[in-house]
Every structure is written in structure tokens, then in C-alpha cells.
Amino acid sequence: MGAAQQEAMLRKPILMPPGMIKKVDKIARRKKVSFAKVVREAVDAFDDRMSGHDAALLDTLADLMLQSSRELADKIDNIEKRLDETHAMLEAC
């Protein structure tokens with residue numbers, strides 16, 4: 001018995017796009033369980049997948065992406081500045 005079934009159940013309305021609702025309905029029919037059961041299992045699976053190591057790795061990757069993005073933006077700014085200078089020189093001729 002899962003942790004969700006050991007606790008008292010509470011009702012929580014959620015909004016989902018129609019395509020996602022169809023997908024969950026299809027999974028529920030195939031597994032012969034309720035819509036809510038599929039959602040609970042998905043939440044449990046999502047929560048279990050993220051270990052402390054995974055979270056740290058994702059944080060590091062996010063930091064590296066931000067750093068790379070900043071460096072790329074700086075390079076683009078430099079190229080734009082050089083292009084502006086080149087255009088100004090060409091217009092002066």
C-alpha cells in the first residue's frame with residue numbers, strides 16, 4: 001500500500017490541458033485504475049526520481065548554462081559593436 005493510501009485523502013481540483021487529460025484517461029483505462037490513481041502514481045514517481053545528487057547536478061548544469069549564456073551575450077554584444085563601427089567607417093567613405 002502506497003504512502004498516499006495510508007493517509008487521509010483530500011480533494012484537490014486541478015487544471016490540465018485536454019490532451020493531458022486524454023493521456024491520463026488512456027493510462028487509467030489500460031491499467032484499470034482511476035484517473036486520480038494515475039496522477040498519484042505520477043507524482044510519486046516524479047518525487048522519487050529526484051535524488052539529492054540529481055538535484056545538485058541539475059543546479060550545477062543550470063549554473064553552467066547561465067554562465068555560458070552570459071558569455072554568449074557578451075560576445076554577441078562585442079560583435080554588434082564591431083559591426084556598428086565597421087558600418088560607421090563604411091558610411092564615412
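**Salt bridges, pockets and surface of a four-helix chain**

Glu41 and Lys37 both lie in helix H3, where four residues, about one turn of the helix, separate them. In this predicted model, the side chains of Glu41 and Lys37 meet in a salt bridge, with an N to O distance of 3.6 Å. Glu41 also forms a salt bridge with Lys31, and in this pair the closest N and O atoms are 2.6 Å apart. The pair of Glu41 and Lys31 links distant parts of the chain, since Glu41 belongs to helix H3 and Lys31 to helix H2, ten residues apart. A search of the whole structure finds two salt bridges, and Lys31, Lys37 and Glu41 are linked by such contacts in a network. Side chains of opposite charge can pair when their charged atoms come close.

The three members of this network were also examined for their exposure to the surroundings. Glu41, with a relative accessibility of 30%, counts as partly exposed, and Lys31 is likewise partly exposed, with a relative accessible area of 42%. Lys37 has a relative accessible area of 25% and is therefore placed in the partly exposed class, given that the buried class is restricted to residues under 20%.

With regard to overall architecture, the protein chain contains four helices and zero strands, and its pattern, read along the sequence, is α-α-α-α. Of the 93 residues of the protein chain, 4% count as buried. The area exposed by the protein chain is about 8,600 Å², of which carbon and sulfur atoms supply 61%.

The loop between H2 and H3 contains Lys32, a residue whose phi is near 60 degrees, a positive value in a residue other than glycine. Most residues other than glycine have a negative phi. Lys32 is exposed, with a relative accessible area of 76%, a value that places it in this class because the cut-off for exposed residues is over 50%.

Two pockets were then considered, beginning with the largest pocket, which holds about 600 Å³ of space. The lining of the largest pocket is made up of 15 residues, and among these Leu10, Lys12, Ala36, Val39 and Arg40 lie nearest the centre of the pocket. Helix H3, which spans residues 35–49, gives the most to this lining, contributing six residues. When the lining of the largest pocket is divided by class, ten residues are nonpolar, none is polar and five are charged.

The second largest pocket has a volume of about 150 Å³. Its lining is formed by Met16, Met20, Lys23, Val24, Ile27, Val38, Val39, Ala42 and Val43. At least two residues of this lining are supplied by each of helices H2 (18–31) and H3. By class, the lining of the second largest pocket comprises eight nonpolar residues, no polar residues and one charged residue. Val39 appears in the lining of the second largest pocket and is also one of the residues that lie nearest the centre of the largest pocket.

On the surface of the model, Leu57, Leu58, Leu61 and Leu64 make a nonpolar patch of about 350 Å². Leu58, one of the residues of this patch, is located in helix H4, which covers residues 52–92. With a relative accessible area of 46%, Leu58 is partly exposed; this value therefore satisfies the requirement of over 30% relative accessible area that applies to patch residues.

Note on methods:
Residues numbered from 1 in each chain as written. Predicted model: local features only at pLDDT ≥ 70, side-chain atom pairs only at ≥ 80, totals over all residues. Heavy atoms only, no water. 1 Å grid on protein atoms, 1.4 Å probe; cavity = no way out; pocket = protein on both sides within 12 Å on 5 of 7 lines; lining within 4 Å. Points joined across faces, edges and corners; volume = space filled by probe spheres on them. Nonpolar A, V, L, I, M, F, W, Y, C, P; charged D, E, K, R; others polar. Patch = residues over 30% accessible without salt bridge, like charges linked within 9 Å, V, L, I, M, F, W, Y side chains within 5 Å. Areas by Shrake-Rupley, 256 points an atom, 1.4 Å probe, with all protein chains shown as cover. Salt bridge = Lys/Arg side-chain N within 4 Å of Asp/Glu carboxyl O. Buried < 20%, exposed > 50% of the residue type's maximum accessible area, 1.4 Å probe, protein only.
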